[in-house]
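Please open the model in your viewer and keep the sequence panel beside it. The stops below say what to select next and what is to be found there.

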Amino acid sequence: MAFDATGEVSDEALLVLYANGDRDAARFLTLRLVPRVLRVAARMLGDAAEAEDVAQEAMLRLWRVAPEWRQGEAQVSTWLYRVAANLCTDRLRRRRGLALDEVAEPEDGRPSAVEGMIAADRATALQAALDALPERQRQAVILRHLEGLTNPEIAQVMEIGVEAVESLTARGKRALTAMLAGRREELGYGHG
Amino acid sequence: MAMAERHSSDDFLDGFLAAARQAAPEPSADLLARVLADAEAQMAQRAAPPLPAAPVGAGIWAGIMSAVGGWRAMGGLATAAVTGVWIGFSGAEPLADAAGGLFAQGASDTLASISLLPEDDVLALAMDMEE
């Protein structure tokens, strides 16, 4: 079956096709969903290799659930984000005991004058700050401000109310700002 | 927090968020291949016919069952065995009584048409009746 690569076929339709033995549907779902789930996992965990494992495991669960997928009950992407987030939470719990200062952090003293380096440094600094956030705030900020989900969508993923999502993202952003404020000059913001 | 200060703070953080979005990790070809392999493996698993169930009680019993013709034949054998046991316990008299009932009616042609006992026994019974 030929699909329009622009993505006109819904995730759910593709999942049903996959459950009926369509290999192309599996390929399209993989190309469409793995980047999203990998991004969330990488930001939740701050570890590329672990994020790949989580992405593979979350997708495996999707393949397994495909024949019993109840249409119209949940969005495939929402379900997948939730599975990935739970897998990340499990891994983070196993990691507990690791001191915060052992979490990867940008090296001090690296040259930040070069423009190209500034963006990379900011991304790295943000990841370090995300790593230090409480887990639920981190998840909400990632889904809202990096993945671009709406608050109701995040509420479904996290299985909480929309107001709770708003509260988590607001607190998360404040904490991130406070953590990054000390690095204004180093990261090219100067005074102000 | 004053409005202007909050905007400034948002702008500050937005710069980091934008940088992070640009530096988003991309899945490696290896990861995509692993995920697709999982998808195909699950598909093959679902398409495969279920394995035949292992025969229950395989061994000597299965051999005997097969030799006598299965459960139906075993049912017949069991009935015959139970009947034999019953006869053994209750003795041959009830059978003789049943036969005697027939003879008591004195119809010799009944004996000719119905043969419940071996011929020698029938003769012995006829002699008894004459006495």
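## A tour of the salt bridges and the chain contact

Begin by selecting Glu40(B), which counts as partly exposed because its relative accessibility is 32%. Bear in mind throughout that this is a predicted model, and that the values quoted at each stop are computed from it.

Keep Glu40(B) selected and add Arg23(A): the two form a salt bridge in which the closest N and O atoms are 3.2 Å apart. Arg23(A) belongs to helix 2 of chain A and Glu40(B) to helix 2 (residues 29-47) of chain B, so this pair joins two chains. Arg23(A), with a relative accessibility of 49%, also counts as partly exposed, because the exposed class begins only over 50%.

Next, stay with the charged side chains and select Glu52(A), Asp53(A), Asp30(B) and Arg34(B), which are linked in a network of salt bridges. Within that group, zoom in on Asp53(A) and Arg34(B), whose salt bridge has its closest N and O atoms 3.9 Å apart. How many salt bridges are there between chain B and chain A? The count is 3, and between these two chains there are also 11 residue pairs in polar contact, both residues being at pLDDT 80 or more.

Now widen the selection to the whole contact, colouring chain A and chain B separately. Chain A contributes 40 residues to the contact and chain B contributes 28 residues. About 3100 Å² is buried between chain B and chain A, and carbon and sulfur atoms give 69% of that area. On the chain B side, select Phe12(B), Phe16(B) and Met43(B), which lose the most area to chain A and together account for 21% of what that side buries.

Before leaving the contact, colour the side of chain B that touches chain A by residue class, and look for 16 nonpolar, 5 polar and 7 charged residues.

Hide chain A for a moment so that chain B can be viewed on its own. Chain B has 7 helices and 0 strands, and its elements, read from the N terminus on, run α-α-α-α-α-α-α. Of its 131 residues, 17% count as buried. The area that chain B exposes is about 9600 Å², with carbon and sulfur atoms supplying 64% of it.

Bring chain A back and turn to salt bridges that lie within it. Select Arg32(A) and Asp11(A), whose side chains meet in a salt bridge at 2.6 Å, N to O. Arg32(A) sits in helix 2 (residues 23-45) of chain A and Asp11(A) in helix 1 (residues 11-19) of chain A, so the pair ties together parts that are 21 residues apart in sequence. Are these two residues buried or exposed? Both Arg32(A) and Asp11(A) are buried.

For the last pair, select Arg91(A) and Glu50(A), whose side chains meet in a salt bridge at 3.1 Å, N to O. This pair links distant parts of the chain, with Arg91(A) in helix 4 (residues 76-95) of chain A and Glu50(A) in helix 3 (residues 48-65) of chain A, 41 residues apart. Glu50(A) counts as buried because its relative accessibility, 19%, is under 20%.

To finish, display the salt bridges over all chains together: the structure holds 13 of them, and the pairs visited on this tour, including Arg23(A) with Glu40(B) and Arg32(A) with Asp11(A), can be picked out again in that view.

Methods
Residues are numbered from 1 along each chain as its sequence is written. Chains are lettered from A and ligands numbered from 1 in the order in which they are written. This is a predicted model: local features need pLDDT of at least 70, side-chain atom pairs count only at pLDDT 80 or more; totals for chains, interfaces and linings use all residues. Side-chain values use heavy atoms; hydrogens and water are left out. A salt bridge is a side-chain nitrogen of Lys or Arg within 4 Å of a carboxyl oxygen of Asp or Glu. Helices (H or I, at least four residues) and strands (E, at least two) are DSSP runs, numbered from the N terminus. Buried means under 20% relative accessible area, exposed over 50%, partly exposed in between (1.4 Å probe, protein chains only). Contact means heavy atoms within 4.5 Å. Buried area is the accessible area (1.4 Å probe) that two parts lose on being put together, summed over both. A polar contact is a pair of N or O atoms within 3.5 Å; within protein, one must be able to donate a hydrogen and the other to accept it, and residues adjacent in sequence count only if both atoms are side-chain atoms. Ala, Val, Leu, Ile, Met, Phe, Trp, Tyr, Cys and Pro count as nonpolar, Asp, Glu, Lys and Arg as charged, and the others, Gly among them, as polar. Accessible areas come from the Shrake-Rupley method with a 1.4 Å probe; for residues, only the protein chains shown count as cover.
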